[in-house]
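Work through three short exercises on the structure shown here. Try each task before you read its solution.

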Amino acid sequence: MPKFNNILIVGLGMMGGSLCKSIKKNKLSKKISAFDTDHDALSYALKNKFINYKVTDLGKMEQPDLVIICTPLSSYLSIVKKLLLKLNKNTLVTDIGSSKGGTHRTIKKLFHNSNKSFLSSHPMVGSEKSGVKFTRKDMYKNKVVFIIDKDSASRASYFKLKSFWEAIGSTTHEIDSKTHDLLMSQTSHIAHLMSFIFVKSLPQNILNDNLPLLLGGGIKEHIRLSKSNPQMWTDIFLNNKNNIIKTLTRIQKNTATIKSMIQTSNKTEIKSLLKNTYNKTK
Ligand SMILES: NC(=O)c1ccc[n+]([C@@H]2O[C@H](COP(=O)([O-])OP(=O)(O)OC[C@H]3O[C@@H](n4cnc5c(N)ncnc54)[C@H](O)[C@@H]3O)[C@@H](O)[C@H]2O)c1
């Protein structure tokens, strides 16, 4: 029997659309509703039968029992303000945003002040692709989903959210928002940033003339990540600003160190640095 009556996905892009497909595949909800400012995305999902209802006005929606916000972080505040006017106390709201910085703190406070339930999530899945046409029904299977600041919601909300993600095929892991953002700044966020910088620094003539000859594994991966959604990543970098600046400062220091070793042809030091780096992930 489905666990939910009506799950509402706000933001029917690559992540939100894939969630709809997973909810449908796992028969988790009697109804799957979706809201998106892009009406073509809604029509596409209806036509391909991975949502049952399109919501065109959040003020007129049927009451959902679970809402999952899957839009870029910069759109959260206006969406949450509209949701709060309409939702009742039994509805749990979560989101899948990649940073739990400023925006997260603001909306958590709004929910707290209005006595409505919010508990944030972050699935460790995704890709550089954007939009509903890149959705996959197994996107969340066997993947980790962080549940953020577990104690900020009731135990019932926590178990509702945990059981939702587990029913999708994911494994949940609790983390606090500060540790989450620090961890992301040192891993996923900085990896994307380094790829943007790498491709920005590639001379255009190499990209125009020689790229197919050079597309080995490493370069290919940087180019793939640099194709990630600019709006989404601007939001992430600004929401996790302080941590990312700290990581960038460390990288600048290491860059200066190796630059000086190369400038002085210090073979021993270069080799030792590379060997230490190799051993770090043994
Ligand atoms: N892409 C990833 O790898 C990944 C991984 C984990 C988490 N996330 C998070 O998931 C969220 C969505 O990412 P995505 O990759 O699915 O992006 P996407 O661009 O594929 O989809 C975003 C969708 O939100 C819609 N949208 C934008 N503003 C809106 C608004 N004001 N109201 C309603 N709909 C609106 C867009 O029309 C689009 O359909 C982001 O917050 C991101 O941080 C992404």
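The exercises below use a predicted model.

**Exercise 1. Strand S5 and its neighbours**

Task: Find which strands are joined to S5 by bridges, and trace how the chain travels between them.

Solution:
- Start with strand S4 (residues 66-69). Four bridges join S4 to S5, and the two run parallel. One pairing to find is Ile 69 with Asp 95 in S5.
- Follow the chain from S4 to S5. The path goes through helix H3 (residues 76-86), and this β-α-β crossover is right-handed.
- Move on to strand S6 (residues 117-118). Two bridges join S5 to S6, again in parallel. Here Val 93 stands opposite Phe 118.
- Add helix H4 (residues 102-113). S5, H4 and S6 make a right-handed β-α-β unit.
- Check the two faces of S5 (residues 92-95). Leu 92 and Thr 94 on one side are buried, and so are Val 93 and Asp 95 on the other.

**Exercise 2. The shell around the ligand**

Task: Describe the residues around the ligand by distance, element, domain and class.

Solution:
- The shell holds 29 residues, and Gly 11, Gly 13, Met 15, Ser 98 and Gly 126 come nearest.
- Helix H1 (14-25) and helix H11 (230-239) each give two or more residues. H1 gives the most, with three.
- Domain 1 (4-176) and domain 2 (183-280) each supply at least three residues.
- By class, 14 are nonpolar, 13 polar and two charged.

**Exercise 3. Helix H13**

Task: Is H13 largely in the open or buried?

Solution:
- Take its length. H13 (residues 267-280) has 14 residues and reaches 20 Å, close to the 20 Å expected.
- Count its buried residues. The number is zero, so H13 lies largely in the open.

Notes:
Residues numbered from 1 in each chain as written. Predicted model: local features only at pLDDT ≥ 70, side-chain atom pairs only at ≥ 80, totals over all residues. Expected span 1.5 Å × (residues − 1). Buried ≥ 20, exposed ≤ 12 C-beta atoms within 10 Å, placed from the backbone. Near = placed C-beta within 6 Å. Nonpolar A, V, L, I, M, F, W, Y, C, P; charged D, E, K, R; others polar. Domains from an automatic or database assignment. Pairing = 2+ DSSP bridges. Right-handed = clockwise from strand over helix to strand, strands pointing away.
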